[in-house]
Amino acid sequence: MGDRVRVCIWATTFQADIFTFTRYLCAHDDYEVILAMDNIEKYKSEPIWQLMPVECRILDKSDKKTIKTLKSFAPHVTIIDNHPPPKKISPYLFNIWHSWGWKGPQDKKELKHVFKLIKSLTGHPGDKPNPYYRWNCMGPSDFEHRKNVSHVAAENLLTLGSPFTDDIVAAPFSRDSLLDYYPAEFSGRKIVLIALTWHFGRALAHWGDDIALFTRLLEKLEAIGCAAILRMHDRKRFDAKYIDGLEALVERFPSAMIKFKDMSCDNLLDILVSDVMISNYSGILLYQYATGRPSIHIYPIDPSRELHLYRVWKHGKIRTVRTDDKDYIWKLNPEENGGLQVSSFDELEAAIDVAVARPDCCQDRTRAFIKKHMIDYDGKACRRLEQALRELVIQN
């Protein structure tokens, strides 16, 4: 191998950790990078492309010629998130997953497809020491879960932290400059980012009629002078009637907007511009912690029910899982978090009042959570990952 390491980035969604780490590698002459992603033209229309463009060749994952092109590039290593490529592209595989994540179990059974692909792409299994494979963890709790629950061999695990937090703690933009990319009505208001996972279905439905409660939520934010960003997962995760209802609701509020992950891939600007985050335990909360700003955690299920429900994506369809095992749902006890937790709509309204009035209200809990569960958000995660990547590739 020459001095320059050839890297293929195979991105399921080009955001967060894989976004930041790709840009870091592209900025170093020691690496030649090629990126395979979806919806290239849509991504290039987003503000993030103007502010933080990616300086490398970009290929469309859906193009049938892409795998052949990548093989011709002959990368030394392929960097992936939660979905490896269907064919072997390089000798080495480096997994940075796609956020820390709260949802369990992510055990070996749930990750069966991942383990199968690890073996086919490296020639060695993931649950045994594999000289061609590494999986980065965001902290010690993540490491323990991957080792003891997912059953990734400890020799394959790294604990180097979150690259995306490098961009958050050292953002090169002022909040005011980012407001140019948001509705004019956002100016002069505090901004609340409502960032929701799809795993529990309609986010507020365990408290009552979901659309009615979202109406009350937006009315509440409007009444106290806040703007709102409602950030949802891909459209395919929700039924069309529900999407229509949410979009019609948001149109009623000039100081609110709605985004879907497949149409608005970037989430960095939303994090940087927002004063408060509300989430039903989406992995984006761990990135909010890097800002030190308040976070409100909606307990996403009715604890009084005998059966708990959550959803998974399998074979191109949404499947509902029913379980009476609370621990099965969570990787970490949801009470263990870095912000405020609410279990009713009244509690949510009260928490919003606290978070808006006291921007420092969660800082002690956030710092304690990071200290216990994460690698310090020190702005050096990309450097650690880059060193580990080079060590992996040059070991033979």
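Which residues of strand 5 are buried on one side, and which on the other? In this predicted model, strand 5 (residues 92–95) is covered on both faces. Y92 and F94 are buried on one side, and L93 and N95 are buried on the other. In a regular strand, side chains alternate between the two faces of the sheet.

Strand 5 belongs to an open sheet of seven strands, arranged in the order 3-2-1-4-5-6-7 with parallel pairing. The edge positions are taken by strand 3 (57–60) and strand 7 (157–159); each has a single partner strand, so one side of each is left without a neighbour in the sheet. From one strand to the next, the twist averages 25°.

Several pairings within this sheet can be followed residue by residue. Strand 1 (residues 5–10) is paired with strand 4 in the parallel sense through four bridges, and I9 stands opposite I79 of strand 4. Strand 4 (residues 77–80) is in turn paired with strand 5, also in the parallel sense and over four bridges. Here V77 stands opposite Y92 of strand 5. On the way to strand 6 (residues 133–137), strand 5 pairs in the parallel sense over three bridges, with R134 of strand 6 as the bridge partner of F94. The chain passes from strand 5 through helix 5 (residues 112–122) to strand 6, a β-α-β crossover that is right-handed. Helix 16 (residues 381–394) lies across strand 1, strand 2 (31–37), strand 4, strand 5, strand 6 and strand 7, and runs at about 160° to strand 5.

A further open sheet consists of six strands in the order 10-9-8-11-12-15, again with parallel pairing. Its edges are formed by strand 10 (256–260) and strand 15 (340–342), each of which has a single partner strand, so one side of each is left without a neighbour in the sheet. The twist in this sheet averages 20° from one strand to the next. Strand 8 (residues 190–195) and strand 9 (residues 226–232) run parallel and are joined by six bridges; A228 of strand 9 is the bridge partner of V192.

Two helices lie across strands of the six-stranded sheet. Helix 10 (residues 240–251) lies across strand 9 and strand 10, at about 150° to strand 10. Helix 14 (residues 345–357) lies across strand 8, strand 9, strand 11 (276–279), strand 12 (295–298) and strand 15, at about 160° to strand 15.

Within strand 10, A256 is buried, its relative accessible area being 12%. Leaving aside residues up to four places away in sequence, A256 touches F186, L218, A228 and V250. A256 and Y242 are separated by 14 residues in sequence and by 17 Å in space, C-alpha to C-alpha.

Helix 1 (residues 16–26) is largely enclosed by the rest of the structure, because nine of its 11 residues are buried. The buried residues of helix 1 are A16, D17, I18, F19, T20, F21, T22, L25 and C26.

Across the whole structure, 17 aromatic pairs were found. One of them joins F14 and F19 in an edge-to-face arrangement, at 5.7 Å centre to centre and with 80° between the planes. F14 and F19 are both buried. Y182 and F186 form a stacked pair, at 5.8 Å centre to centre and with 20° between the planes; both Y182 and F186 are buried. An aromatic cluster is formed by W100, W102, Y281, Y289, Y299, W330 and F369.

The count of disulfides is zero. C56 is in no disulfide, and the nearest cysteine sulfur, that of C26, lies 3.8 Å away, whereas a disulfide requires sulfur atoms within 2.5 Å. For C137, the closest cysteine sulfur is that of C382, and the separation of 16 Å is too far for a bond. C137 counts as buried, because its relative accessibility is 0%.

Definitions and conventions. Residues numbered from 1 in each chain as written. Predicted model: local features only at pLDDT ≥ 70, side-chain atom pairs only at ≥ 80, totals over all residues. Heavy atoms only, no water. Pairing = 2+ DSSP bridges. Axes fitted to C-alpha atoms, helices over the stretch in contact; angles between N-to-C directions. Contact = heavy atoms within 4.5 Å. Buried < 20%, exposed > 50% of the residue type's maximum accessible area, 1.4 Å probe, protein only. Right-handed = clockwise from strand over helix to strand, strands pointing away. Phe/Tyr/Trp six-rings, centres within 6.5 Å; stacked < 30°, edge-to-face > 60°.
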